[in-house]
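Morning, everyone. I have one structure to go through today, so please look at the screen.

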Amino acid sequence: MTRIAAERLYRKTGITPTDVDVVELHDCFSTNELITYEALGLCQPGEGGAMVDRGDNTYGGKYVVNPSGGLESKGHPLGATGLAQCAELTWQLRGEAGKRQVPKAKLALQHNIGLGGAAVVTLYRLGFPQTSSKQVEEGDFECAAMFSELSNVLRKDGAAIVKRVKGTFSFRVKNSTGREAVWFVNCKTGNGSIESGSTQKADCTITMSDRDLVDLLTGKLNGQKAFMQGKLKLSGNMALATKLKELQPSAPTSRL
């Protein structure tokens, strides 16, 4: 059933399995996951085991399969399985999957099977990719104005800031509605730069709420106090966090 459904889908869309970046499939048993790789065309028949050995079913390989953890990690919930797969793939394509995020995911494949002999295979692609991420960051996050102002500062005085800081930061921010966004701040090379939605590994990762980050960057919130209160979480080079004051732009509070 899965093979026939997949073949029909590929024919109808003109998409091939090699175009896919991320997959959520019905891994009701470990053996079923292996034969589903083959049925979906992710590998040739009989090569499911070799695909796993090559690491082509996980991060760094050809595909990332079941970044959500799959059915077994959720207790194999009948009925909810399909919706959970849909949600995960939507988050992946929107860049909202947090630590599970598949870098540069553009095309997602969903596979589900049901009692009585039913198979569903479908593809997802992000609509309006040219505007969606910008809308999330600039429209839904107060700190977006701060990073915009910091970009201007780097353009004017970036070389001097890079000389003083010599490091990179990843700001992982959650707003009041629970949406998450990431800003990568390079104060290590050239004149420095800022990239939103980046999956690059930073020297120091800072996780905060949107409002608390604004207060930190405007000097209203003391970094050490925020850390002790659990408002600021650090990973990586924690010593680099002492240089956060270098990233405090003089953004007008009216913009926030």
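**Surface patch, aromatic rings, whole chain**

Let me start on the outside: Leu 34, Ile 35 and Val 52 make a nonpolar surface patch of about 220 Å². Keep in mind that this is a predicted model. Leu 34 belongs to helix H2, which covers residues 30–39. Is Leu 34 buried or exposed? Neither, strictly: its relative accessibility is 31%, so Leu 34 counts as partly exposed, since that label covers the range between under 20% for buried and over 50% for exposed.

Now the rings. How many aromatic pairs does a search of the whole structure find? The search gives 4. One of them is Phe 147 with Trp 183, and that pair is stacked, because the ring centres are 4.8 Å apart and the planes are at 10 degrees. Phe 147 sits in helix H7 (residues 144–165) and Trp 183 in strand E6 (residues 180–187), so the pair ties together parts that are 36 residues apart in sequence. Both Phe 147 and Trp 183 are buried. They also belong to one aromatic cluster, together with Phe 141, Phe 169 and Phe 171.

Another ring has a charge for company: the charged end of Lys 62 sits over the ring of Tyr 63, 5.5 Å from the ring centre.

Last, the whole chain. Its secondary structure comes to 9 helices and 9 strands. The C-alpha trace spans about 60 × 35 × 35 Å along its principal axes. The chain has 256 residues, and 42% of them count as buried. About 13,900 Å² is exposed, with carbon and sulfur atoms supplying 52% of that area.

That's it from me.

How values were computed. Residues are numbered from 1 along each chain as its sequence is written. This is a predicted model: local features need pLDDT of at least 70, side-chain atom pairs count only at pLDDT 80 or more; totals for chains, interfaces and linings use all residues. Side-chain values use heavy atoms; hydrogens and water are left out. Patches are made of residues with over 30% relative accessible area and no salt bridge: like charges are joined within 9 Å, nonpolar side chains (Val, Leu, Ile, Met, Phe, Trp, Tyr) within 5 Å. Accessible areas come from the Shrake-Rupley method with a 1.4 Å probe; for residues, only the protein chains shown count as cover. A salt bridge is a side-chain nitrogen of Lys or Arg within 4 Å of a carboxyl oxygen of Asp or Glu. Helices (H or I, at least four residues) and strands (E, at least two) are DSSP runs, numbered from the N terminus. Buried means under 20% relative accessible area, exposed over 50%, partly exposed in between (1.4 Å probe, protein chains only). Rings of Phe, Tyr and Trp (its six-membered ring) pair if their centres lie within 6.5 Å; planes under 30 degrees apart count as stacked, over 60 as edge-to-face and the rest as tilted. A charge sits over a ring if NZ of Lys or CZ of Arg is within 6 Å of the ring centre and within 35 degrees of the ring normal.
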